[in-house]
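Reader: Before we begin, could you take me through this structure slowly, setting each term against its definition?

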Amino acid sequence: KSVAPAGPLHGGEFKKNGAFGILFSGDYEYSGAHPTVLGSLPFIFKSLPHGQVYFACRRKTKRAIEEERRSKTEVARRGLEGRVSFLNEVPDMLRLIREMDVCVFPAASLYHKMDVPLLLLECLANGVPLVVSDLPSLKPLTEGGAAIEVVPGKPELLAHAVIRLAKEARLRREMSERARQLVRKEFNIQEIAPQYEALYRQLMES
């Protein structure tokens, strides 16, 4: 996918002026992440009056539709409708990403996903700091200084990491630069393609 610069999403209508944009784009079926995100909302909004959370999760199955309905009900029960947006599918995901200040991915499982989900790579390429779970395949992101690691299933820890990023602008800037560097160094197609070619040659020769 292209990661060329782009303007604000629809003139910036998704992210309100002055809002701290928090993106969650995962699934409702397998990762186990959305309950942790939902549980973190009261902690986040208590400390960040300008925080705004965006669920950009595709509803691919009946279970996903039901989980989204339950999530909306929980948000409404807490009186947080004005602070949380459920976007489902977004026509231009890159433009949404570029409006965000942080992306959270507290997944307990990467079942049905790449080792490092493409969404996270797109965030890194666009300098969006991450908060991710401590799964082994996500370690390169935290070790590279582009993400803060949290234990899945712990809403308070997720909230603490988000609040820290919101309040420490210097840390966000440093992580943003590390994110771009990490993508260029470790996930650049010009670097990865020769590695695949070498692997395929090795397999054919054996």
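Reader: What makes both faces of strand S4 (residues 102-105) count as covered?

Author: The model is a predicted one, in which local features need pLDDT of at least 70 and side-chain atom pairs count only at pLDDT 80 or more, while totals for chains, interfaces and linings use all residues. Residues are numbered from 1 along each chain as its sequence is written, and side-chain values use heavy atoms, with hydrogens and water left out. A strand is a DSSP run of E with at least two residues, and buried means under 20% relative accessible area with a 1.4 Å probe, protein chains only. Val102 and Val104 on one side of S4, and Cys103 and Phe105 on the other, are all buried, so both faces are covered. In a regular strand the side chains alternate between the two faces of the sheet.

Reader: Why are S4 and strand S5 (residues 130-133) called paired?

Author: Two strands pair if DSSP finds at least two bridges between them; three bridges join S4 to S5, which run parallel, and therefore the definition is met. Within this pair, Val104 stands opposite Val131 in S5. Two bridges join strand S1 (residues 20-24) to S4, also parallel, and here Leu23 stands opposite Cys103.

Reader: How do you know that Val131 is in contact with Val102?

Author: Contact means heavy atoms within 4.5 Å, and, leaving aside neighbours within four places in sequence, the residues in contact with Val131 include Val102, Phe105, Ile148 and Leu165. Val131 is also one of the residues, with Leu23, Phe55 and Leu120, that touch the most other members of the largest nonpolar core, which has 64 residues.

Technical notes:
Core = buried A, V, L, I, M, F, W, Y, C linked by side-chain atoms within 4.5 Å. Buried < 20%, exposed > 50% of the residue type's maximum accessible area, 1.4 Å probe, protein only. Helix = DSSP H or I, 4+ residues; strand = E, 2+ residues; numbered from the N terminus.
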